[in-house]
Amino acid sequence: QLTPSSFLRIGQLSNVDLNEDIRELETELPRQHPNEIPHNEKLLSLKYESLDYDNSENQLFLEEERRINHAAFRTVEIKRWVICAMIGILTGLVACFIDIVVENLAGLKYRVVKGNIDKFTEKGGLSFSLLLWATLNASVVMVGSVIVAFIEPVAAGSGIPQIKCYLNGVKIPHVVRLKTLVIKVCGVILSVVGGLAVGKEGPMIHSGAVIAAGISQGRSTSLKRDFKIFEYFRRDTEKRDFVSAGAAAGVSAAFGAPVGGVLFSLEEGASFWNQFLTWRIFFASMISTFTLNSVLSVYHGNAWDLSSPGLINFGRFDTEKMGYTIQEIPIFIFMGVVGGILGALFNALNYWLTMFRIRYIHRPCLQVVEAMLVAAVTATVGFVMIYCSRDCQPIQGSTVAYPLQLFCADGEYNSMATAFFNTPEKSVVNLFHDPPGSYNPMTLGMFTLMYFFLACWTYGLTVSAGVFIPSLLIGAAWGRLFGISLSYLTKGSIWADPGKYALMGAAAQLGGIVRMTLSLTVIMMEATGNVTYGFPIMLVLMTAKIVGDYFVEGLYDMHIQLQSVPFLHWEAPVTSHSLTAREVMSTPVTCLRRIERVGTVVDILSDTSSNHNGFPVVESNPDATQVAGLRGLILRSQLIVLLKHKVFVERANLSLVQRRLKLKDFRDAYPRFPPIQSIHVSQDERECMIDLSEFMNPSPYTVPQEASLPRVFKLFRALGLRHLVVVDNRNEVVGMVTRKDLARYRLGKEGLEELSLAQT
Amino acid sequence: MAPLRCFLQLLSALALTLGPAAGEMRRLLALEALEALGEAEELWGAGLPGDLPELEPECRRLLVAFAEHSAALTDCLGRRARPVRLCQACHLDYHRLLAQYGNIARAVGNSSESHNCAKSILTSDRLQIVVTLSEFFNETWEAANCANCLKNSSEGLSNSTVEFLDLFNKSLTCFEHNLQTTSLPPNNYTEVCRNCNETYRKLNDLYNNLQRMNRQGGEAGHSAHLCIDVEDAMNITRKLWSRTFNCSVPCSDTVPVIAVSSFILFLPIVFYLSSFLHSKQKKRILILPKRIQSNASLVNIQEKYS
């Protein structure tokens, strides 16, 4: 009954009994002495799995395709457009909601604190105002941090690294769930209102992605509601396309930059791309910014004005006043260098901090306490800066939202307060557009220094918050400082308008931190609404990226690495041609026979030490002369559905009335397939046989043992594979290449490095 | 209707003075027209004779009136520039000018539709000086935001403005009064500060109130400003109060602020130190992958390392 299946081990053939050798594909826990090490960046976590981008072309799929006629495929295409429109509309609405709530809550907070400060300035006792401000901040941030830390930790941070991983093909647990969206939206509102050095733009991208993933499935597993629509899109490939549209819609809503959104998806996100998708994504982006625009115009009382296209509006840059000449180009490039260096410094500091956080501050309570402390310190630093500043400016109309007089003469306000006593978005716009002379160089210098460290400290806290706005703010502050000193040096030439340099500084700083190029150029261009700035912004970002890359990686890549995510870059490491598939692959492989005993399948699936997801299917009854050649590949999720519906050979013979399994049954279970433990298989049923030939993917991608690593990588990456079977020249399964096998090779400082796998 | 009746009367007066010349204007040759206009010019006694060959006399009159009004307004604006009293003093002049400009824009010459006054005065040359002037005045008026402290019908100051100016005058008198009575050295203004505090507070509160009401009532944009007279008056008073008299001395309590802030700034250090010392460092369990341990790959990796 039991037939030996052959495995290749270190160059020699050995016959191993399959029943005794229920082994994992990739891993085996070294039970004798678990090897414990502190967390470092050279690890790959086992917790991340791949998404199945490869379509399983089994019998069921072919049947369905035959059944669906041409017209039905056309409705599928129309449905795609409808979904994109809905993604745009909902993302725009979520952005509006965040914007309006933040505006009102932050307004309330600042009015209360301002009233308090004004009161105590006359009577004395400003320390109470400080306490009030710090307590308000800390308590708001506490709520925001508690919901993130205890309910949905994946909602922490900007979400851009997570979405980037998702679009790369890594399944980050919980990343596109409705619960995550709710926590993210509430969290970002609370952290901005709490006065942290954060922005609400980055999380918009994550929110857009979750909305897209939700809508395209036509149901919510969290709410247990199935609307019975869009069932065709219930698989990873389709969902991925919509998620990239959602990310683009998010960028578009955040910055009012539809083209920038599409390019962001292209640059940061989509590892897979085609031109039809581009046009649909652009449509979603446009709809998103238009929705935001119209709703906000109604909210602000001038309906259909459509002049507030994004969450952050950089305001209009007049070409006359803010024009630039060829002589300024070297100056801009120099600013790019400064931005690159400062960005690298920011990333390096944040790297150490994040490492410390992962190692020591991993308990949710500690994370909440940390967030609260940062909030209180942010308020304190702001207060002390305002308190010590003697930079007073006359009030002009109502350009300043919350003018703090403090120790200034009547009718004047503290200039430091416009920078610290405001939401970061407003401060950025102030730095761009306030007339020359609104800020002292001293004020700007202190502000840059303080805000740099605050922002660096804040990123990576367990709150949902973005890094775009703080970076822009730091850059705008030093850029403005630069512009002012330039006009001192040139004895007050008119061309040195500080607003222009603030913009370039902001671009340089942001580029130095996140290292985005194309999309950031377009986003900045669209946000300023000035196409002529495209060239200098491009130069600045380019220089910032080159200079920054010389020192450390971009912030998002760094965080992906620190999370031990098996992320596949565009290319394999350049010096890896000497490695072959034989050295890369995992072996031995757990194989299933085409007609397999149910008991064996259940045992393989429920083996806790193995969590493999793909099993090569080999010929069931090879004679002694016949080799057990590869026949197909079957996924864990498919096996579970088969077991759940008890599709056994014996049962099929017994009851002819039994419904045949359709592709729909697999889709209904997607994306949360039940664990094997929840499926009950009786002792009798264990003896039944299960025929896999109808359900397996009959033509899995394979490579020979001699294929080089870059070759394997290219195939894997371009097709978005999850499993790549390595076969010998007799078509026998030798090994299996998965994402973690490829992602562990990395080009480090000293050459090719190999990351180790770890349980996290 | 009033301007139109006025205009008709003007027309009849013109017809009387010019006699047949006015009626036959269209058919006259240029030379004759020049003569006739020369007559007209002399009648009003302004400008060079024969300066404007084709301008009808009634248009001429309108133009001169506009010139006079704009001169008056310019004069007023210039005189009231410091301290700013533009809106109070010049609003009559401004509205007269506005009316006059309206007359020109609406005026139709008696000769033909194609040669009306509006066209010949406003749009027949590149410079269009009348339009430029009127635009300048309008812009100045807008920038000063005078509409904010005038009544809706543009006649006279609004009640709140009058109230504010009264209070402003009162505080100025108070300042003067107290400064005269004190024979102390000029840098000691405690008397002023004490005696005028109430008036100043009232003035300040009223101003803030006006500002708040304005911000709520008005839409976004520059109407967030109060009118320049009020703003300037307040600015002067505030400057006197806090710069010259040095009356508003805020209590600076540096010691408690430093204490509280250093306490808060100290907390994170405690937090990080304690979590470093007491929290158990998170360890990762390494997992050995199942691979063919070929020497080649090891050599490969190690080579790269060394």
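Trainee: Which residue in strand 15 of chain A is the bridge partner of A:Phe615?

Mentor: In this predicted model, A:Phe615 has A:Ile634 of strand 15 of chain A as its bridge partner.

Trainee: What makes strands 14 and 15 of chain A a pair?

Mentor: Pairing requires at least two bridges. Strand 14 of chain A is joined to strand 15 of chain A by 5 bridges, and the two run antiparallel. The criterion is met, so they are called a pair.

Trainee: How do you know that strand 12 of chain A pairs with strand 14 of chain A?

Mentor: There are 2 bridges between them, in the parallel sense, and at least two are needed, so the pair counts. A:Leu592 is bridged to A:Val617 of strand 14, and A:Arg593 is opposite A:Val618 of that strand.

Trainee: Why is the pairing of the sheet called mixed?

Mentor: The open sheet has 3 strands in the order 12-14-15 (chain A). Strands 12 and 14 are parallel, while strands 14 and 15 are antiparallel; the sheet's pairing is mixed.

Trainee: What makes strands 12 and 15 of chain A edge strands?

Mentor: Strand 12 (592–593) and strand 15 (630–635) each have a single partner strand, so each has one side without a neighbour in the sheet. Helix 23 (residues 636–644) of chain A packs on this sheet and touches strands 12, 14 and 15, with its direction at about 75° to that of strand 15.

Trainee: Why is strand 14 of chain A described as largely enclosed?

Mentor: Of its 5 residues, 5 are buried, so the rest of the structure largely encloses the strand. A:Gly614, A:Pro616 and A:Val618 are buried on one side, A:Phe615 and A:Val617 on the other.

Trainee: How do you know that A:Cys456 is buried?

Mentor: Its relative accessible area is 3%, and the cut-off for buried is under 20%. A:Cys688, at 11%, also counts as buried.

Trainee: Why is the contact between B:Cys76 and B:Cys90 called a disulfide?

Mentor: Their sulfur atoms are 2.0 Å apart; the limit is 2.5 Å, so the pair qualifies. B:Cys76 is in helix 4 (residues 57–79) of chain B and B:Cys90 in helix 5 (residues 86–106), so the bond ties together parts 14 residues apart in sequence.

Trainee: What is the handedness of this disulfide, and why?

Mentor: The S-S torsion of B:Cys76 and B:Cys90 is about -90°, so the disulfide is left-handed.

Trainee: What makes B:Cys87 and B:Cys146 a disulfide?

Mentor: The S to S distance is 1.9 Å, which is within 2.5 Å. The torsion is about -70°, so this disulfide is left-handed. By this rule the count over all chains is 2 disulfides.

Notes: Residues numbered from 1 in each chain as written. Chains lettered and ligands numbered in written order. Predicted model: local features only at pLDDT ≥ 70, side-chain atom pairs only at ≥ 80, totals over all residues. Heavy atoms only, no water. Helix = DSSP H or I, 4+ residues; strand = E, 2+ residues; numbered from the N terminus. Contact = heavy atoms within 4.5 Å. Axes fitted to C-alpha atoms, helices over the stretch in contact; angles between N-to-C directions. Buried < 20%, exposed > 50% of the residue type's maximum accessible area, 1.4 Å probe, protein only.
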